[in-house]
Amino acid sequence: MIAWMYRTPLWVVTVVCAIAAGLLLVGAVAHVTDLLRHGFEGYDWAPRWLNLYWSSLALLDPLAAALLISGRRRGTDLACALMTTDLAANAYAAYGIQHSSLAAEPGLQRLLAFAVLVLGTAPFVRRHLSNQALALRTPAEKAEAPNG
């Protein structure tokens, strides 16, 4: 249907996956550090559900990075879900709780830029990884797959 997406060069897909995985790991380190220093509710000003969401990123960020590095489409899907929900959670925290603005929140600015990268490149990366995953399967696995 969108054949030009399949022509994305492998080196572009590799670079995008590496950058995204690296930035997800940076986020994971930040969340693990927060957990070690402050526990599951490191931000007194934030509701419990928001603290728990941010704590869960200590596991979900490295999982998405590992899936991206291994060339799985699920890594792209998880990274998109994480970026969408993390951006929404942080925007809610900035605007709804702290009554701040994007201009006053450099962390939110960086998160927005990363979300644009992940969400903007996902269709190209995902389609290429789909082809790569199929190419790496054994003949028996290809026969079992719904797309053959």
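This section describes the fold, core, pocket, cavity and selected residues of a predicted model.

The chain contains six helices and zero strands, and its order of elements along the sequence reads α-α-α-α-α-α. Of the 148 residues in the chain, 34% are buried. Among contacts with a separation of 6 or more, 65% join residues 24 or more positions apart.

The largest nonpolar core comprises 32 residues. Helix 2 (10-38), helix 3 (48-69), helix 4 (73-97) and helix 5 (106-136) are the elements that contribute two or more residues to this core. Helix 4 provides the largest share, with nine residues. Within the core, the residues with the most contacts are Leu24, Trp54 and Val118. When neighbours within four places in sequence are left aside, the contacts of Leu24 are Asp61, Ala64, Ala65, Leu68, Ala79 and Phe114. Two of these core residues recur in other features of the model: Trp54 belongs to an aromatic cluster, and Val118 is part of the lining of the largest cavity.

Four aromatic pairs were counted in the model. Tyr43, Trp45 and Trp54 are joined into a cluster by ring pairs. Ser55, which follows Trp54 in the numbering, is located in helix 3. With a relative accessibility of 11%, Ser55 falls under the 20% limit and is therefore classed as buried. Beyond residues up to four places away in sequence, Ser55 touches Leu35, Gly39 and Phe40.

The largest pocket has a volume of about 780 Å³. It is lined by 30 residues, of which His31, Asp86, Asn90, Gly107 and Leu111 are the closest to the pocket centre. Helix 2, helix 3, helix 4 and helix 5 each supply at least two residues of this lining. The greatest contribution is that of helix 2, with eight residues. By class, the pocket lining consists of 16 nonpolar, nine polar and five charged residues. The four helices that supply at least two residues of the pocket lining are also those that give two or more residues to the largest nonpolar core. The main contributor to the pocket lining is helix 2, whereas the largest share of the core comes from helix 4.

One cavity of 30 Å³ or more was found. The space in the largest cavity amounts to about 80 Å³. Its lining is made up of Val16, Cys17, Ala20, Leu68, Thr76, Ala79, Leu117, Val118, Thr121, Ala122 and Val125. At least two lining residues come from each of helix 2, helix 4 and helix 5, and helix 5 has the largest share, with five residues. The cavity lining includes nine nonpolar and two polar residues but no charged ones. Leu68 and Ala79, both in the cavity lining, are also among the contacts of Leu24.

Ala122, one of the residues that line the cavity, lies in helix 5. Its relative accessibility of 10% is under the 20% limit, so Ala122 counts as buried. Apart from neighbours within four places in sequence, Ala122 is in contact with Thr76 and Cys80. Ala122 and Thr76 are 46 residues apart along the chain, and their C-alpha atoms are separated by 6.2 Å. Thr76 is likewise part of the cavity lining.

Phe124 is also placed in helix 5. At 24% relative accessibility, Phe124 lies between the limits of 20% and 50% and is therefore partly exposed. A further approach between distant parts of the sequence involves Phe124 and Thr8, which are 116 residues apart in sequence. The C-alpha to C-alpha distance between Phe124 and Thr8 is 6.5 Å.

The loop between helix 4 and helix 5 contains His99. Most residues other than glycine have a negative phi. His99, although not a glycine, has a positive phi of about 50°. The relative accessible area of His99 is 65%, over the 50% limit, so this residue is classed as exposed.

Methods
Residues are numbered from 1 along each chain as its sequence is written. This is a predicted model: local features need pLDDT of at least 70, side-chain atom pairs count only at pLDDT 80 or more; totals for chains, interfaces and linings use all residues. Side-chain values use heavy atoms; hydrogens and water are left out. A nonpolar core is a set of buried Ala, Val, Leu, Ile, Met, Phe, Trp, Tyr and Cys residues joined through side-chain atoms within 4.5 Å. Buried means under 20% relative accessible area, exposed over 50%, partly exposed in between (1.4 Å probe, protein chains only). Contact means heavy atoms within 4.5 Å. On a 1 Å grid over the protein atoms alone, a cavity is a set of points where a 1.4 Å probe fits but cannot get out, and a pocket is an open set with protein on both sides within 12 Å along at least five of seven lines; lining residues have an atom within 4 Å of a point. Grid points are joined across faces, edges and corners, and a volume is the space filled by probe spheres set on the points. Ala, Val, Leu, Ile, Met, Phe, Trp, Tyr, Cys and Pro count as nonpolar, Asp, Glu, Lys and Arg as charged, and the others, Gly among them, as polar. Rings of Phe, Tyr and Trp (its six-membered ring) pair if their centres lie within 6.5 Å; planes under 30 degrees apart count as stacked, over 60 as edge-to-face and the rest as tilted.
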